[in-house]
Amino acid sequence: MLKRKISAHDERARLDEVLASLTIGIAEYARTIGVESPDDPISLDTKNLTLIRHSKGGRKDHLWEIGSGANWLGYHVATFLALHEFLLKNDRSPVARFLVLDQPSQVYFPDRWPGDPDPKKPNKVLSSEKDSDDIARVHLIFETISRCVERTHGRIQIIVIDHADEPTWSGLENIKTVQRWRGVGPNSAFIPQAWIDALDKNASRDL
């Protein structure tokens with residue numbers, strides 16, 4: 001029915017308009033997050049569901065060809081943020097107004113942070129400091145997330161689960177710590193011990 005009402009030309013024109021708007025948003029977020037060659041134009045490949053970076057000299061590189069974990073992360077986060085920002089313009093959009101990012105700092109940091117218990121020496125903590133450049137790069141990730149919240153006037157909630165500590169997001173107005181699961185004790189894990197104990201009791205009862 002809709003195909004009868006919308007001509008192929010109008011459909012293509014509308015798609016081009018949407019893609020142009022999205023690529024502008026992605027480029028702005030990617031520039032903030034600090035990808036390599038941030039001024040190179042990008043475009044969305046809707047057929048292969050990926051990004052294409054148009055380098056100087058006419059070369060086209062798909063996202064899987066750009067390389068580097070930092071670039072992969074930067075373009076993915078930038079794309080998610082731009083998509084959500086765009087969808088907020090449609091009040092009838094069925095897409096939920098929240099985004100969950102799991103460990104966006106992973107390309108810069110190992111699973112454990114200085115101050116965590118040393119897995120090889122339980123009575124000691126890890127003490128090696130991270131390069132300041134790594135902390136600065138992760139800070140850019142949180143700065144970009146904060147900018148998205150600001151640009152959308154708080155209409156999107158972004159939940160970040162990460163092992164990076166406060167130096168990576170300190171000073172950013174829109175970043176709030178909800179829970180810190182670092183250390184020991186009943187509240188030191190993402191899944192509370194009480195939940196696990198309750199599951200064990202129910203499993204025993206079923207047997």
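What pLDDT does the protein chain average? I looked this up and found 83, with 80% of the residues scoring at least 70; pLDDT is the predictor's confidence in each residue, from 0 to 100.

I noted that this is a predicted model, where local features need pLDDT of at least 70, side-chain atom pairs count only at pLDDT 80 or more, and totals for chains, interfaces and linings use all residues. Residues are numbered from 1 along each chain as its sequence is written, and side-chain values use heavy atoms, with hydrogens and water left out.

**Confidence.** I found the lowest mean, 57, in strand 6 (residues 121-125) and the highest, 95, in strand 4 (residues 98-102). Strands (E, at least two residues) and helices (H or I, at least four) are DSSP runs, numbered from the N terminus. Where pLDDT is low, the predicted coordinates should not be read in detail.

**His163.** I located His163 in the loop between strand 7 (157-161) and helix 6 (193-206). Is His163 buried or exposed? His163 has a relative accessible area of 7%, so I wrote down "buried" (under 20%, against over 50% for exposed and partly exposed in between, with a 1.4 Å probe and protein chains only). Arg180 is 17 residues away along the chain, and its C-alpha atom is 9.2 Å from that of His163.

**Arg151.** I saw the charged end of Arg151 over the ring of Tyr29, 4.9 Å from the ring's centre. A charge counts as over a ring if NZ of Lys or CZ of Arg is within 6 Å of the ring centre and within 35 degrees of the ring normal.
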